[in-house]
Amino acid sequence: MRLSLRSSRAWDGTVLAAAASLAFLGGLAMCSATSAVNPQLGLRHATWIALGLALSFVVARLSPQRWMDAAGVAYGLTVSALALLLGAGAVRLGATRWLSVFGLSLQPSELMKLTTITLLARYLAGQPRPLPLRAVGVSLLMASVPALLIFLQPDLGSASIFGAIWVGMVWMAGGSPRLFTGIAASLLALLPIGWHLLHDYQRDRLLVFVNPHADPLGAGYTIIQSVIAIGSGQWLGRGWFAGTQNQLSFLPERHSDFIFSVIGEEWGFAGSAAVVALFGMLLGRTLHIARELSDPQGRLFLAGICAWLGYQVFVNIGMVMGLVPVVGVPLPLISYGGSSMITVWMALGLLQSLRRWEVHE
Amino acid sequence: MTARFVRLQVILFLALGLLVVRLAHLQLVRGAYYRRLAEQNRLRLVPEPAPRGLIVDRRGRLLASNQTVFRVAIVPQELEDFPAVIQHVSALAHRPPDALKREYRRERSLAFMPATVVSYVPKDVAIRLEETRWKFPGLLVKPETVRHYPGGSSAAHLLGYLSQPTAEELPALKPYGVRPQHLVGRTGLERLLDQELRGRPGGLMVEVDHRARQVRVIGRRAPEAGAQVTLALDAPLQSLIEQAFGTQPGGCVVLDPETGEVLAMVSVPAFPPEAFIGPNTSVVRSLLDDPRAPLMNRATVGVYLPGSILKLVTASAALEAHVITPATTMGCPGSLTIGDRVFHCWNLDGHGPMTLRDALVQSCNVYFMQVGRRLGLKRLRAALEAVGFSRRTGWPLEEQRGHLPDRHLTEGEVAMLAMGQGEVLVTVLQGAVMAAAFANHGWAVEPWVVREIDHRPLPRRPSRRRIPWSPETLEVVRAGMEAVVQDPNGTGHRAFSPLVSVAGKTGTAQTHLPGKTHGWFVGFCPVDHPRAAMAVLAEYGGSGGDLPAEIARSVCEYVAAPEAL
């Protein structure tokens with residue numbers, strides 16, 4: 001496939017359209033979700049979208065090689081930020097996830113996803129195929145250092161994302177299927193030990209996933225209310241600003257992790273299926289672009305992005321519908337949160353830069 | 001790599017497809033059901049309170065427990081003849097019908113939620129109401145557990161009391177499942193350990209119909225009882241001391257001198273903690289208005305002039321500084337002139353020539369004033385701080401630090417301070433810590449009282465502070481303390497017991513009220529292997545050699561019994 005120089009400067013239309021539509025729909029849902037609590041949040045959310053979009057255009061102009069060369073430094077910086085956070089971060093919601101810089105709260109774990117993917121792409125691209133065991137070990141270490149730091153925050157959800165990223169990228173780099181079955185088996189064996197490492201609330205959430213009716217007042221309450229909200233949307237939803245579950249504050253965390261239940265309630269099957277379809281479009285197109293790239297680093301990078309975003313989309317939407325346990329994972333481009341929003345847009349900007357450079361070569 | 005990309009694409013679309021299938025199931029297949037739940041807001045939470053944790057003493061004797069009381073309630077959705085029900089309850093529970101109606105209107109919330117109209121009825125009334133209930137649809141007698149203090153007002157200041165949370169506190173407590181009608185610890189251990197004692201309330205989530213009548217139970221979380229708290233306190237010793245005080249206001253603390261465990265902490269007058277639970281505001285009002293301040297813990301929050309118990313510290317500091325020896329003799333002519341002021345000894349005729357031992361036994365003021373002059377303010381103050389005066393003892397509940405002068409004192413003022421008068425205030429708890437330090441050869445212990453929570457011992461804090469006094473000094477002062485009680489002329493002879501060896505020191509502190517003195521006794525027993533160190537204070541209670549010394553003897557005889565503690 002050859003693109004003319006002019007169009008190569010432009011964005012990939014499908015990716016941009018899908019991402020912008022998702023952010024736009026998310027913004028509309030956000031206005032409705034926050035109106036009762038703090039209408040200011042809607043405005044702030046819009047600012048983050050604008051900032052992210054602008055940043056993605058800046059990133060798209062960079063040479064991808066420059067980004068790839070900085071992978072080690074960026075990874076080191078974000079890991080240190082996480083370590084610093086564990087030491088001295090502000091304690092919020094019982095977890096230390098934010099780093100305050102000049103009055104701005106940053107969540108380094110979000111940026112960490114991007115830097116880890118870059119480092120893994122760079123490292124794995126240089127490995128022979130089939131992947132030697134040593135490379136599997138080194139890459140696992142690269143993913144598990146940030147995962148461990150984030151798990152200690154404690155944030156089980158974000159930590160698990162690194163598992164998904166690693167699996168996706170190593171598989172794409174030629175890890176043998178036997179490797180993955182082996183890992184799955186040993187994880188199962190380690191499960192009882194892991195259970196002990198979990199916090200009480202995390203255990204509660206897993207138990208509640210098995211039977212949400214076991215704790216209707218605590219963790220189960222969220223799932224029950226969220227499922228009711230989504231189900232009550234039926235075909236076309238109850239209308240923007242008209243969801244009773246949302247507007248009457250039955251939905252906890254509805255502007256962050258549970259934003260999808262607002263979409264389901266107010267826009268019904270039509271709206272929520274459309275959001276899922278837009279994610280399908282975005283991720284499908286990303287994989288398509290990855291396949292067309294000749295640079296293995298770029299291919300691995302995009303595979304990592306897909307594993308990351310795909311995992312978050314599946315876990316978040318699955319969670320609000322009671323399909324997977326409640327782990328705090330935001331819905332990319334839609335959930336409230338500046339760090340997450342900006343990181344996703346930066347990833348999309350890099351996608352564009354990779355695609356553009358490929359054509360230039 | 002391409003083959004793997006294809007597979008990744010397949011996985012991606014399968015996963016998203018699964019989400020759409022689930023969406024379709026929730027919204028299209030079951031949509032009508034969920035719409036009804038949401039639209040009519042048909043889920044209700046019915047709380048089930050958790051029983052509060054017990055508080056027991058060192059032998060497992062109940063100090064705070066839970067008791068079943070019977071409340072009379074009316075279930076709105078079952079009500080058929082409201083006036084008849086009111087009439088019936090009014091007749092049996094002896095409440096005016098108007099009050100019952102007012103209560104019902106105030107408490108009524110949801111159709112299926114019982115509205116309490118009488119919060120407490122005796123058991124026999126409850127049984128009679130229950131027997132006749134079938135004739136009055138909507139009437140309900142519900143048993144409920146409330147906090148109960150088997151010892152009445154015993155150890156009330158230490159245990160504290162519960163009351164309903166205020167509007168300001170509620171937001172912070174809400175995440176723990178606390179609701180406005182729940183009780184939270186307000187003072188004492190009930191407040192300090194509120195989180196442990198509280199447990200976790202459970203509840204039902206029920207689906208209700210459009211008239212708010214329960215259709216079915218959707219989920220239930222069983223309440224979790226609060227943790228049991230085991231104290232180091234000894235309940236019989238506690239009530240023994242309380243009874244010994246009678247109506248005399250005062251305070252007393254008994255410590256295990258080795259560990260710092262509080263064996264008894266008495267403050268008289270006390271209050272019944274249960275008074276704060278119910279809606280009976282008149283009792284609470286009378287407690288708050290009582291001029292004798294029964295809510296104040298005289299053992300930790302009251303600060304008092306120490307009087308002659310402070311002479312133990314003066315003596316130790318003087319021996320350490322070598323300004324006296326045990327053999328130093330000074331005459332007491334009955335008064336001492338410093339500058340142009342004349343200071344009288346309590347024995348106006350004079351004690352004659354005295355050694356340190358004699359001066360302690362007789363509590364001679366002139367002797368200690370002279371010692372104070374030799375010692376000087378700096379060394380005296382350092383010694384007083386070393387035994388913990390004007391410092392926090394580390395007690396986990398509310399306590400006062402007391403006071404030591406931080407300005408320059410005249411020579412006369414220093415002499416007064418050396419005998420425990422003037423600008424110095426201590427708490428009874430500080431007095432007990434000082435007594436413990438003499439009992440255990442110079443270690444200032446940190447007092448504590450909670451031994452176990454939920455049958456797990458707390459990490460015991462062996463926090464002790466060494467007072468920099470030599471064993472010889474301590475031995476001399478201890479011998480003096482023993483003589484105070486043993487010697488027939490000793491001021492503390494009333495603490496003497498043929499059953500157990502007691503050491504101590506009395507104090508009679510002049511107050512701003514002429515002729516009124518605080519009586520003190522600090523001491524420990526048995527002398528060889530002390531098991532208890534104590535401070536007893538009788539507020540405006542005359543001489544320390546009278547009631548306080550007698551209370552000390554009772555404590556020592558109790559502690560010495562082989563089966564005690």
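Start by selecting helix α13 of chain A, residues 259–292, together with α1 of chain B, residues 2–29. This is a predicted model, and in it the axes of the two helices come within 10 Å and cross at roughly 175 degrees. How do α13(A) and α1(B) run relative to each other, parallel or antiparallel? The cut-off for roughly antiparallel is an angle over 145 degrees, so α13(A) and α1(B) count as roughly antiparallel. Now colour the residues of this helix-to-helix contact by class: you should get 18 nonpolar, nine polar and one charged.

Next, widen the selection to everything where the two chains touch. Here 40 residues of chain B are in contact with 54 residues of chain A. Together the chains bury about 4300 Å² between them, and 71% of that is on carbon and sulfur atoms. Staying on the chain B side, pick out the elements that give two or more residues to it: α1 (2–29), α2 (31–39), β1 (43–48), β8 (202–208) and β9 (214–221). Which of them gives the largest share? That's α1(B), with 20 residues, the helix you already have on screen against α13(A). By class, the chain B side has 23 nonpolar, eight polar and nine charged residues.

With charged residues on show, how many salt bridges are there between chain B and chain A? The count is zero. For polar contacts between the chains, look for ten residue pairs, both partners at pLDDT 80 or more.

Salt bridges do turn up elsewhere, though: a search of the whole structure, over all chains, finds 28. To see one of them, select E190(B) and R52(B), whose side chains meet at 2.9 Å, N to O. This pair links distant parts of the chain, 138 residues apart. E190(B) sits in helix α8 (residues 188–192), while R52(B) is in the loop between β1 and β2 (55–56).

Now for some backbone stops, still in chain B. Go to A155(B), in the loop between β5 (139–148) and α6 (156–159). Check its phi: the value is near 55 degrees, which is positive in a residue other than glycine.

Then jump to V268(B) and P269(B), joined by a cis peptide bond with omega about 0 degrees. P269(B) belongs to the loop between β12 (262–268) and α11 (281–289).

For the last stop, select C525(B) and P526(B). Another cis peptide bond joins this pair, here with omega about -25 degrees. Where is P526(B)? Look in the loop between β22 (517–525) and β23 (532–538) of chain B.

Notes:
Residues numbered from 1 in each chain as written. Chains lettered and ligands numbered in written order. Predicted model: local features only at pLDDT ≥ 70, side-chain atom pairs only at ≥ 80, totals over all residues. Heavy atoms only, no water. Contact = heavy atoms within 4.5 Å. Buried area = accessible area lost by both parts, 1.4 Å probe. Salt bridge = Lys/Arg side-chain N within 4 Å of Asp/Glu carboxyl O. Polar contact = N/O pair within 3.5 Å; in protein donor to acceptor, adjacent residues only side chain to side chain. Helix = DSSP H or I, 4+ residues; strand = E, 2+ residues; numbered from the N terminus. Nonpolar A, V, L, I, M, F, W, Y, C, P; charged D, E, K, R; others polar. Axes fitted to C-alpha atoms, helices over the stretch in contact; angles between N-to-C directions. Parallel < 35°, antiparallel > 145°, perpendicular 65-115°, else oblique.
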